[in-house]
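User: I am new to this structure and would like to learn how to read its features one at a time. Could you take me through it slowly?

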Amino acid sequence: MRGEAASRPAGGPTDEAKGAAHRSADGALPPIGFSRLLLVGSGSMHAAYLPGELTWLRTAFPDLAVQVVLTRSAHRFVTPTALGMITGRDVIPDTWPDEPVSEAVHVRLTEWADAAVVFPASLNFLARLALGLADSPALLALQCTRAPIVVAPSVPSGGWNTPVSERHTDALARRGNVAVVPPVPVRSWTTGRDDGHGAAPLAAVVGTLELLRRRTTSADPDPEPHDERSR
């Protein structure tokens, strides 16, 4: 996907359903207060589970608009075609367009999304986000947005609870609009042992995102409105 088409999240009726996404199809799930979710998937093995997780999300909140951005390394574990079919939106590659475009990818993402998750967040992506790097459209959008962001790390054996991972998660926790959901123990497909660290279930990530949204909304009673052009 190149040019302007790659920089513009797909439109549709769900963009206008500001209130419809608040309640889930399952009465047991609490309502959410965001309608346009940016989901960044990075190059962790856990990206292979994105189709199942997104199927749950679209079933639980059918009116929630979800725009997926995949890093280049995430393409090794999941296909944009599969995720695009589930979300009803073309997946945006986390690369700068080769051709000139009228609108920047990161600007469109920043103005469109009212909430964001990094799911899964590889150790590399976690570090780049925590260090303030902005060398891809997704990273630049996440560094610039005021919307709530939840990061769900998925790291290999020995990669969690280290000085490196703790330093980066502490740095992100100091940002008022960012929360990190610790990974859960999983079986490592490489070692065959239960010493891997996979991303927490998307249901837990979405719940954390809603709590963060409520906290940041109460702290900022007059948030900057979305540009009308982004709808």
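**Reading a helix pair, a sheet and a loop**

Analyst: The model is predicted, and a pair of helices is a good place to begin: the crossing of α5 and α7 is right-handed. The residues that make this contact are Val105, His106, Leu109 and Thr110 on the α5 side, and Pro137, Leu140, Ala141 and Cys144 on the α7 side. Sorted by class, the contact of α5 with α7 has six nonpolar residues, two polar ones and no charged ones.

User: At what angle do α5 and α7 pack, and how far apart are their axes?

Analyst: Helix α5, residues 105-112, and helix α7, residues 137-144, pack at an angle of about 45°, and their axes are 8 Å apart. Angles under 35 degrees count as roughly parallel and those from 65 to 115 as roughly perpendicular, and α5 and α7 are therefore oblique to each other.

User: How should I read the sheet, and in what order do its strands lie?

Analyst: The general idea is that strands of a sheet pair through backbone hydrogen bonds, either parallel or antiparallel. Here six strands form an open sheet with parallel pairing, in the order β3-β2-β1-β4-β5-β6. Its edge strands are β3 (92-93) and β6 (178-180), each of which pairs on one side only.

User: How many bridges join β5 to β6?

Analyst: Three bridges join these two strands, β5 and β6, which run parallel, and Val150 has Ala179 in β6 as its bridge partner.

User: Which strands does helix α3 lie across?

Analyst: Helix α3, residues 50-60, lies across β1 (36-41), β2 (65-70) and β4 (115-121), and it runs at about 165° to β2.

User: Where is Thr145 found, and is Thr145 buried or exposed?

Analyst: Thr145 is found in the loop between α7 and β5 (149-153). The cut-off for a buried residue is under 20% relative accessible area, so Thr145, with a value of 15%, is buried. Leaving aside residues up to four places away in sequence, Thr145 touches Thr110 and Asn177; Thr110 is also one of the α5 residues in the contact with α7.

User: What share of the residues in the protein is buried, and how many helices and strands are there?

Analyst: Buried residues make up 49% of the 231 residues in the protein, which has nine helices and eight strands. Among contacts between residues at least 6 apart in sequence, 77% join residues at least 24 apart.

Technical notes
Residues numbered from 1 in each chain as written. Predicted model: local features only at pLDDT ≥ 70, side-chain atom pairs only at ≥ 80, totals over all residues. Heavy atoms only, no water. Axes fitted to C-alpha atoms, helices over the stretch in contact; angles between N-to-C directions. Helix = DSSP H or I, 4+ residues; strand = E, 2+ residues; numbered from the N terminus. Parallel < 35°, antiparallel > 145°, perpendicular 65-115°, else oblique. Left-handed = near helix turned anticlockwise from the far one by under 90°. Contact = heavy atoms within 4.5 Å. Nonpolar A, V, L, I, M, F, W, Y, C, P; charged D, E, K, R; others polar. Buried < 20%, exposed > 50% of the residue type's maximum accessible area, 1.4 Å probe, protein only. Pairing = 2+ DSSP bridges.
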